[in-house]
Amino acid sequence: MSMLRSFAHSVRPFLETDRLSTVADAFLHTDYQDYLSVAVVNQNNQPVGMISRHQLTDIFLKKFGRDLFGNRPVSDFMRQEPLAVDVNSSLLEASSYITAQMIFPLSEDFVITQEGRYLGMGAVLHLLSAMEKQISQNNQELNKAYTQLSSSQAQLVQSEKMAALGQMVAGVAHEINTPLGYVNNNIEMLSEFFAQLNTVLQAHQQLADTLLAPHATEIDIAESLAAIDDAKAGMALADFFTDLDNLFNDTFYGVEQISELVMGLKDFSRLDQAVTDNVSLNDCIESALLIARNTLKYKVEVLKRLEDLPYIRCTASQINQVLLNLFTNAAQAIEDKGYLLIKTWTDEQQVYVSVQDTGKGIAPQHLAKIFDPFFTTKPVGQGTGLGLSISYKIIQQHGGTIRVVSQVGKGTRFVIALPRHAVLAVAA
Ligand SMILES: Nc1ncnc2c1ncn2[C@@H]1O[C@H](COP(=O)(O)OP(=O)(O)OP(=O)(O)O)[C@@H](O)[C@H]1O
Ligand SMILES: [Mg+2]
């Protein structure tokens, strides 16, 4: 039902032929006390004008006003364009029409019609206050929706970060597991070697004790010597120390690999940490590659052409994050096997990183959207579409640019340019 119907108070309109003084008397009646004006209708009940309290006072305050004008029909004094609103108009339509036509000082209410016929009167002030209420309610709803939207967006960004972190941790855990596995094996073998060595040592100790004993017989000594031979029997002595050496070397290598990975992780964990002056993008690339190793290793061959670069001022962990996003996207775009070519170079003003893959490429109609938040062509659960938008923001905050060229079926190339002497915006 139209909202306007609730404004249609049944106030008797005046006929255009009614005498002005009759109208004035009726208007003073309490039935009309809330109204600023009343409709004037013709015989067919169609509104033809409006007479306001303001007009009446104006006329009757004149000297002999009532005597001079009281007998004339109201149609002589009415305003001929009543503020008429169709009962089916919306609250918004009605109030914008009325506010556009309103005369100040506010002296008129509005007529509600249905198919041009008088239906009742509405008070302008009531309509405006209803409108105000609705606007403030809409505002509240908008504000509520806005708050909900920003909180769910924040949640999404957060869960994207957590997912990325989870992926990274899983990758690193996997990477650490391999060297950890053989370090573990080696230590087990070393402990067996040590047990053997221990038996031999004890046999030697036994011999020494026998030799030092005052009543030791030759038989005792022969037995001790035989025990030493027995202890050595299981060991291929020639290879024993070479094997031991290899085991130690392998173990050191494994431990070194683990500590390299842990160092790499440390670079990533300084996510919110301060800007530094001495970052080489080549180091960031190595760090990010280390973390992405698990994602890349089975299908992507990484080729690097890294030139010497000057140190620049940036938040290394954020640049690492950008590179990791690019490497991950490249790996995801390569369906079977392919290459990832990473190049760096520099000129007077900027340092550049190019990340190029031989993946499936980006369709031309998608190219303009890839940096938009939540744009993804990946199935639900695989991509949130935030990687590149976050990367874009990070590079922008560093005063740099990120560009893309791509050919479907051939591959994609991203080029990042960062100023050599960056003035950093807030590192969020
Ligand atoms: N190297 C690339 N090759 C082909 N398409 C790419 C490449 N990088 C990005 N895209 C396209 O751009 C879209 C947006 O990438 P973006 O990294 O922002 O999100 P995503 O990878 O889909 O999801 P997320 O990174 O949040 O897991 C991808 O869905 C993909 O269609
Ligand atoms: Mg991505």
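Which residues does Y311 touch, if we leave out those up to four places away in sequence? I would like to start with that question, and I should say at once that we are looking at a predicted model. Y311 touches D277, N278, V279 and S280. With V279 in particular, the separation is 32 residues in sequence, while the C-alpha atoms are 5.0 Å apart in space. Y311 itself sits in the loop that runs between β8 (300-306) and β9 (312-314), and with a relative accessible area of 55% it counts as exposed.

Let me now step back to the whole chain. The domain assignment divides the chain into domain 1 (3-122), domain 2 (155-265) and domain 3 (270-419). If we take the centres of domain 2 and domain 3 over their C-alpha atoms, they are separated by 42 Å. The contact between these two takes 12 residues from domain 2 and 11 residues from domain 3.

That brings me to the interior. As a general point, nonpolar side chains in soluble globular proteins tend to be buried together. Here the largest nonpolar core has 46 residues, and L281 and F327 are those with the most contacts inside it. Because domain 2 (155-265) and domain 3 (270-419) both give residues to this core, it lies between them. To get a feeling for F327, look at what it touches beyond its neighbours up to four places away in sequence, namely I285, A288, L289, A292, L296, L340, I342 and V355. There is also a second, separate core of 23 residues, which includes F14, V23, F77 and Y118.

V23 appears again when we turn to helix α1, which covers residues 20-28, where L20, S21, V23, A24, A26 and F27 are buried. What lies over these buried residues of α1? The covering elements include β1 (14-15), β2 (37-41), β3 (47-52), α2 and α3.

Next, two residues whose backbone deserves a careful look. In general, most residues other than glycine have a negative phi. F64, although not a glycine, has a positive phi of about 55°, and this residue is found in the loop between α2 (53-60) and α3 (65-69). E115 is likewise not a glycine and has a positive phi of about 50°, and its place is the loop between β5 (110-114) and β6 (117-122). Both are exposed, F64 with a relative accessible area of 58% and E115 with one of 71%.

Finally, the empty space. The second largest pocket has a volume of about 150 Å³, and of the 13 residues that line it, Q356, D357, T358, K410 and G411 are the closest to its centre. At least two residues of that lining come from each of β10 (338-346), β11 (350-357), β12 (401-407) and β13 (411-419). By character, the lining of this pocket divides into four nonpolar, six polar and three charged residues.

How many cavities of 30 Å³ or more does a search of the whole structure find? The search finds one, and the largest cavity has a volume of about 30 Å³. Its lining is made of R79, L83, Q101, M102, I103, L106, S107 and E108, a set that divides into four nonpolar, two polar and two charged residues.

Key. Residues are numbered from 1 along each chain as its sequence is written. Chains are lettered from A and ligands numbered from 1 in the order in which they are written. This is a predicted model: local features need pLDDT of at least 70, side-chain atom pairs count only at pLDDT 80 or more; totals for chains, interfaces and linings use all residues. Side-chain values use heavy atoms; hydrogens and water are left out. A nonpolar core is a set of buried Ala, Val, Leu, Ile, Met, Phe, Trp, Tyr and Cys residues joined through side-chain atoms within 4.5 Å. Buried means under 20% relative accessible area, exposed over 50%, partly exposed in between (1.4 Å probe, protein chains only). Domain bounds come from an automatic or database domain assignment. Contact means heavy atoms within 4.5 Å. On a 1 Å grid over the protein atoms alone, a cavity is a set of points where a 1.4 Å probe fits but cannot get out, and a pocket is an open set with protein on both sides within 12 Å along at least five of seven lines; lining residues have an atom within 4 Å of a point. Grid points are joined across faces, edges and corners, and a volume is the space filled by probe spheres set on the points. Helices (H or I, at least four residues) and strands (E, at least two) are DSSP runs, numbered from the N terminus. Ala, Val, Leu, Ile, Met, Phe, Trp, Tyr, Cys and Pro count as nonpolar, Asp, Glu, Lys and Arg as charged, and the others, Gly among them, as polar.
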